[in-house]
Amino acid sequence: MLRDEAKIMITTQSILDLNGEWNVRQENQRGTFKGIVPGCVHTDLLAAGKIDDPFHRDNEQKQFWIGESGWIYRRRFTVPADLLERQRVLLVCEGLDTLATIFVNDRKLAVTDNMFRTWEFDIKKLLQPGDNAIEIRFASILKRKDLLAHPLSSHPSSTALAGRSMIRKEQCNFGWDWGPMCLTHGIWRPIRILAFDTARLVDVQILQDHSHKNRADLTVKLQAEITSPRRLHARVTAALVGRTVAVETASLRAGKGQVVLSVKNPRLWWPNNMGAQPLYTVTISLLDTDSTPLDALSKRIGLRRLELIRRKDRWGESFHFAANGVPFFAKGANWIPSDQFQNRVTPALYRHLIGSSADANMNMLRVWGGGIYENDIFYDLCDQYGICVWQDFMFACSSYPTYDKAFMDSVREEFRDNIRRLRHHPCIAFWCGNNEVEQINIGPKWEKGQMPW
């Protein structure tokens with residue numbers, strides 16, 4: 001059994017990093033092999049020499065058995081006794097792909113069913129000082145007959161597996177006209193244990209007001225999760241290239257607070273080839289009554305006014321974008337996942353592709369709705385290069401079970417997770433509901449609230 005010391009970082013919080021090496025085995029099989037987290041079972045099998053390159057010749061068809069199988073990821077880790085003395089101890093999973101059942105010390109913790117959500121679970125009672133084990137069992141989507149038995153309407157040109165829209169998973173995993181069907185499983189984004197006392201920051205929203213000459217006002221709204229009643233306050237600063245340009249302090253009531261920072265003579269952020277891309281850093285420090293730091297986070301923002309201008313015309317309606325009051329022609333490309341296996345998309349590859357987009361005089365990329373809400377580095381680089389982002393939600397070329405309350409509740413949490421994660425980026429120009437879903441003919445039954453079958 002693989003066992004290694006997980007990394008500990010203790011500041012105002014304690015973080016137990018569970019990334020790295022895990023043991024992987026196929027469901028109902030005994031042999032194990034090394035898996036890397038974040039990652040996926042295809043790249044783990046490839047690294048272990050158990051499959052050939054999925055992109056070579058007809059290996060795609062020969063490897064359908066991977067998606068038809070369940071896969072189990074397991075590892076051991078050491079928990080310091082003082083970590084369990086914290087008031088809250090959470091397991092934080094930033095991405096589980098997709099139908100997962102989590103066990104801690106062989107006791108069932110939770111079941112997940114949405115690849116795009118961040119999952120948090122209280123695990124304090126399941127842990128013990130010293131040696132512990134975590135196991136995540138990923139079920140085959142193809143065996144979920146209850147989900148796949150009634151596929152909904154999809155685009156007539158779609159080559160993807162019928163029934164995919166019933167499951168909140170990267171839609172192009174099911175095959176597309178531009179790529180293979182590789183039904184991945186695994187812990188595809190970081191996983192960790194977070195322990196803290198008193199309070200932590202759970203949401204920060206930064207709103208901009210450019211209505212005053214030579215000044216930009218930032219309204220910073222804060223929300224904290226509080227574990228014990230305390231009078232808390234937050235110190236909020238804005239800095240440009242390491243120089244503080246504004247600072248304010250706010251008291252929190254019922255875990256919420258708000259400050260307004262005024263930035264004089266703001267340096268504006270512009271799309272590529274329209275100007276520079278100066279980036280301000282807004283830092284929020286959550287403090288106890290005696291100014292003991294409890295939590296802190298930073299958001300890098302650009303000061304800009306980015307608008308979608310809609311106008312009626314002789315043909316119906318036209319629209320264009322404007323940055324800081326200046327209309328511009330949006331020119332760019334459609335961004336699909338850069339690899340079927342997301343863990344192979346390195347920072348260097350992101351930088352090459354986005355830098356090349358800027359070099360080609362693009363100023364906008366559209367994140368396509370059949371892939372993923374991209375990793376943070378994608379948006380960081382778009383901020384730096386002045387590439388605006390037309391951001392789809394992850395729905396593509398199919399109707400979806402909007403009649404199903406559980407499905408819609410999960411989608412609502414998916415939206416909340418990703419909007420909160422991305423909304424501060426100056427590159428975000430537009431949120432779009434889907435890719436080509438409005439072209440699907442769903443028929444009169446749907447409009448009456450009836451299931452289409």
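The exercises below work through strand pairing, cores, aromatic pairs, cysteines and backbone features of one predicted model.

Residues are numbered from 1 along each chain as its sequence is written, and side-chain values rest on heavy atoms, with hydrogens and water left out. Since the model is predicted, local features need pLDDT of at least 70 and side-chain atom pairs count only at pLDDT 80 or more, whereas totals for chains, interfaces and linings use all residues.

**Exercise 1. Determine which strands pair with strand E15, and whether E15 is enclosed or open.**

Step 1. Helices (H or I, at least four residues) and strands (E, at least two) are DSSP runs numbered from the N terminus, and two strands pair if DSSP finds at least two bridges between them.

Step 2. Strand E2 (residues 14–17) is joined to E15 in the antiparallel sense by four bridges, with Ala-195 in E15 as the bridge partner of Ser-14.

Step 3. Strand E6 (residues 88–93) also runs antiparallel to E15, here over six bridges, and Leu-90 stands opposite Leu-194 in E15.

Step 4. Buried means under 20% relative accessible area, exposed over 50%, and partly exposed in between, with a 1.4 Å probe and protein chains only. Five of the six residues of E15 (residues 191–196) are buried, so the strand is largely enclosed by the rest of the structure.

**Exercise 2. Locate the largest nonpolar core and describe the surroundings of Ile-193.**

Step 1. A nonpolar core is a set of buried Ala, Val, Leu, Ile, Met, Phe, Trp, Tyr and Cys residues joined through side-chain atoms within 4.5 Å.

Step 2. The largest such core has 36 residues, and those with the most contacts inside it are Ile-134, Ile-136, Ile-191 and Ile-193. Strand E5 (residues 71–79) gives the most to this core, contributing four residues.

Step 3. Apart from it lies another core, of 28 residues, including Trp-335 and Phe-395.

Step 4. With contact meaning heavy atoms within 4.5 Å, and residues up to four places away in sequence not counted, Ile-193 touches a set of residues that includes Ser-14, Ile-15 and Leu-16, as well as Val-89, Leu-90 and Leu-91.

**Exercise 3. Identify what the pairs Trp-176 with Trp-368 and Phe-321 with Phe-430 tie together.**

Step 1. Rings of Phe, Tyr and Trp (its six-membered ring) pair if their centres lie within 6.5 Å; planes under 30 degrees apart count as stacked, over 60 as edge-to-face and the rest as tilted. The structure holds 23 aromatic pairs.

Step 2. Trp-176 and Trp-368 are edge-to-face, at 5.1 Å centre to centre and 80° between the planes. Trp-176 lies in strand E12 (residues 174–176) and Trp-368 in the loop between strand E27 (364–367) and helix H6 (376–385), so this pair ties together parts that are 192 residues apart in sequence. Both Trp-176 and Trp-368 are buried.

Step 3. Phe-321 and Phe-430 are edge-to-face, at 6.3 Å centre to centre and 80° between the planes. Phe-321 belongs to strand E24 (residues 316–323) and Phe-430 to strand E29 (residues 428–432), so the pair ties together parts that are 109 residues apart in sequence. Phe-321 is buried at 3% relative accessibility, whereas Phe-430, at 22%, is partly exposed.

**Exercise 4. Establish how many disulfides the structure has, and why Cys-172 and Cys-432 are not bonded.**

Step 1. A disulfide is a pair of cysteine sulfur atoms within 2.5 Å, and a search of the whole structure finds zero of them.

Step 2. For Cys-172, the closest cysteine sulfur is that of Cys-182, 9.8 Å away and therefore too far for a bond; Cys-172 itself is buried, with a relative accessible area of 1%.

Step 3. For Cys-432, the closest cysteine sulfur is in Cys-397, at 12 Å, again too far for a bond; Cys-432 is buried as well, with a relative accessible area of 16%.

**Exercise 5. Place the cis peptide bonds Val-37 to Pro-38 and Asp-97 to Thr-98, and the positive phi values of Asn-28 and Ala-254, in their loops.**

Step 1. The peptide bond from Val-37 to Pro-38 is cis, with omega near 0°, and Pro-38 lies in the loop between strand E4 (33–37) and helix H1 (41–47).

Step 2. Asp-97 and Thr-98 are joined by a cis peptide bond with omega about -10°, and Thr-98 lies in the loop between strand E7 (96–97) and strand E8 (100–104).

Step 3. Asn-28, although not a glycine, has a positive phi of about 70°; Asn-28 lies in the loop between strand E3 (20–26) and E4, and is exposed at 70% relative accessibility.

Step 4. Ala-254 has a positive phi near 55°, sits in the loop between strand E19 (243–251) and strand E20 (256–264), and is exposed at 82% relative accessibility.
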